[in-house]
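Morning, everyone. I'll take you through one structure, helix by helix. Have a look at it first.

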Amino acid sequence: MAFCNMCGAQVAEGATVCAACSGRAAVAVPAPSVSAGSGLADNVAGMLAYVTIIPAIIFLVVEPYNRNRFVRFHAWQSVFFNIAWWVLWIGLRIVVHMPFLGFLTLIVWPVIWLGGFIVWLILVIKANQGQMFKLPVIGDLAQQQAG
């Protein structure tokens, strides 16, 4: 099943032109699959796993989602990303109390926070697009846990 990349209308297989939007090129985009027994699509469940660590843990425990490799991967990556973020935050809270180094955290902390926010935003967007975007170390651990 293909959909037009401009208007979203369904286009016949193999067609290069969309009839709905007057001749623009059509691109095959797979429809998001829906988990069995629920109305929540896999890409939405993967995206929601990044909201906080709580939905990620719920998706790892609840039955229709813990069997889906895509949702498990994003849930595990969210858990590992949250753990890494907390370790980094605690490390910076320790450094802030050291003489001379504590002043540097005033400069470094906003940059690290912005970088973490951008990485989190990319993870949410990639999960919503249905992609299994892997972070360098955390993604490999999540892929091993997801199976």
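**Inside the fold**

Start with L123. Leaving out residues up to four places away in sequence, L123 touches Y50, Q77, F81, F133 and L135. Keep in mind that this is a predicted model.

Now, which residues make up the largest nonpolar core? There are eleven of them. L123 is one, and Y50, F81 and L135 belong as well. The others are F73, F80, V124, A127, I138, A142 and A146. Where do they come from? Three helices each supply at least two residues of this core: α4, residues 69-95, α5, residues 101-128, and α6, residues 138-146. There is also a second, separate core. That one has nine residues, and A49, A56, V71 and V79 are among them.

Let's pick out one member of the largest core. I138 sits in helix α6. Is I138 buried or exposed? Buried means under 20% relative accessible area. I138 comes in at 15% relative accessibility, so it counts as buried. What does I138 contact, once we skip neighbours within four places in sequence? The answer is Q77, F80, F81 and A84. Take Q77. In sequence, I138 and Q77 are 61 residues apart. In space, their C-alpha atoms are 6.2 Å apart.

Next, helix α2, residues 53-61. Its buried residues are P55, A56 and F59. Why do these three share a side of α2? Because they cover an arc of only 105° around the axis, they end up on the same side of the helix. Turn to the other side of α2, and you find I54 and V61 exposed. We met A56 a moment ago, as part of the second core.

What covers the buried residues of α2? The cover includes α1, residues 42-48, α3, residues 63-66, and α4.

Look at the start of α2 as well. There, a side-chain oxygen of T52 comes to within 3.3 Å of the backbone nitrogen of I54.

T52 leads us to one last residue, N82. N82 lies in helix α4. Its relative accessibility is 18%, and therefore N82 counts as buried. Which residues does N82 contact, again leaving aside neighbours within four places in sequence? They are T52 and I53.

To recap: α4, α5 and α6 each give at least two residues to the largest nonpolar core. And α2 has P55, A56 and F59 buried, with I54 and V61 exposed on the other side. That's it from me.

Note on methods
Residues numbered from 1 in each chain as written. Predicted model: local features only at pLDDT ≥ 70, side-chain atom pairs only at ≥ 80, totals over all residues. Heavy atoms only, no water. Core = buried A, V, L, I, M, F, W, Y, C linked by side-chain atoms within 4.5 Å. Buried < 20%, exposed > 50% of the residue type's maximum accessible area, 1.4 Å probe, protein only. Helix = DSSP H or I, 4+ residues; strand = E, 2+ residues; numbered from the N terminus. Contact = heavy atoms within 4.5 Å. Arc of directions from axis to C-beta. Polar contact = N/O pair within 3.5 Å; in protein donor to acceptor, adjacent residues only side chain to side chain.
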